[in-house]
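Subject: Structure handover and notes

Dear colleague,

Please find below the structure I said I would pass on, with the sequence alongside. My notes follow it, and I have tried to state each criterion where it is first needed.

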Amino acid sequence: MLLIGLDAASDFSKFGYAIGHYEHGRVRIKQAGLVDSLGERNALVSIVVPELRAAAKALIAIDAPLGWPASLAVELSNHQAGEAFASDKNAMFRRATDSYVKVLTKKNPLEVGADKIARAAHSALAALKCLRAESGLAIPLVWDTNFAGMAAIEVYPAGTLKARGLPD
């Protein structure tokens, strides 16, 4: 299976990618770099998309939040400047995913609505949109290991390392 890793950043000149192949429980890295670097203009289109088109099965693992807390959307759509919010701060800025990761790993992920992580999340979603448009593939988010074709997931590498007892 083709494995594409995307390490999101607010700017594509700092946004990393890696292409690997997962076989027999191991990943072999084929290529890695920055999405927008001096030697390669938009590697998503020129390098990643051809790999996706050629693959029978691929998983895109994105190190960035791919959604915002539901209560944040509700609160912001009804908010008037100067008025207080009805929701608790944690409910507004932490997703259910973040709370679950905290329980499992004892580590708080960055809150998607805060500072630079929101900008990285925005870029990650733009990258996923680009991959879908340029490849012509749907690339849905998946929630279990049994999927066919192309799919994407949100990953939290520091949480994975912590959960496996490795230094994070």
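I begin with Ile29, which is found in strand 3 (residues 26–34); helices (H or I, at least four residues) and strands (E, at least two) are here DSSP runs, numbered from the N terminus. Before going further, please note that this is a predicted model, in which local features need pLDDT of at least 70 and side-chain atom pairs count only at pLDDT 80 or more, while totals for chains, interfaces and linings use all residues. Residues are numbered from 1 along each chain as its sequence is written, and side-chain values use heavy atoms, with hydrogens and water left out.

Ile29 is exposed, because its relative accessible area is 54% and the classes are set at under 20% for buried, over 50% for exposed and in between for partly exposed (1.4 Å probe, protein chains only). When residues up to four places away in sequence are not counted, Ile29 touches Ile19 and Gly20, a contact being heavy atoms within 4.5 Å. Ile29 and Ile19 are ten residues apart in sequence, and their C-alpha atoms are 5.9 Å apart in space.

The strand that holds Ile29 runs antiparallel to strand 2 (residues 16–23), and eight bridges join the two; strands are taken to pair if DSSP finds at least two bridges between them. Gly16 stands opposite Leu34 in strand 3. The hairpin of strand 2 and strand 3 has two residues between the strands, and His24 takes a positive phi near 55° in this hairpin.

Turning to the chain as a whole, there are six helices and five strands, and the pattern read along the sequence is β-β-β-α-β-α-α-α-α-β-α. The C-alpha trace spans about 50 × 35 × 30 Å along its principal axes. Of the 168 residues in the protein chain, 34% are buried, and among the contacts with a separation of 6 or more, 56% are between residues 24 or more positions apart.

Strand 4 (58–63) is largely enclosed by the rest of the structure, because five of its six residues are buried. Strand 4 pairs with strand 1 (residues 2–7) in the parallel sense over six bridges, with Leu2 standing opposite Ala58. Strand 4 also runs parallel to strand 5, to which five bridges join it, and the bridge partner of Ile62 in strand 5 is Glu154.

Glu154 appears again at the largest pocket, which has a volume of about 1,200 Å³; 38 residues line this pocket, and the closest to its centre are Val101, Glu154, Val155, Tyr156 and Thr160. For the criteria, a pocket is an open set of points on a 1 Å grid over the protein atoms alone, where a 1.4 Å probe fits and there is protein on both sides within 12 Å along at least five of seven lines, and lining residues have an atom within 4 Å of a point. Grid points are joined across faces, edges and corners, and the volume is the space filled by probe spheres set on the points.

Strand 4, helix 4 (96–105), helix 5 (115–135), strand 5 (150–154) and helix 6 (157–163) each supply at least two residues of the lining, the largest share, six residues, coming from helix 4. The lining divides into 22 nonpolar, eight polar and eight charged residues, where Ala, Val, Leu, Ile, Met, Phe, Trp, Tyr, Cys and Pro count as nonpolar, Asp, Glu, Lys and Arg as charged, and the others, Gly among them, as polar.

Ser135, in helix 5, counts as buried at 11% relative accessibility. Its side chain reaches the backbone oxygen of Leu131 at 2.6 Å, and a polar atom of the Ser135 side chain lies 3.1 Å from the backbone nitrogen of Leu137. Ser135 also touches Val49 and Arg53, again not counting residues up to four places away in sequence.

Finally, two loop residues other than glycine have positive phi values that you may wish to inspect: Lys106, near 60°, and Ile139, near 50°. Lys106 is found between helix 4 and helix 5 and is exposed, with a relative accessible area of 63%, whereas Ile139 lies between helix 5 and strand 5 and is buried, with a relative accessible area of 1%.

With best wishes

Definitions and conventions: Polar contact = N/O pair within 3.5 Å; in protein donor to acceptor, adjacent residues only side chain to side chain.
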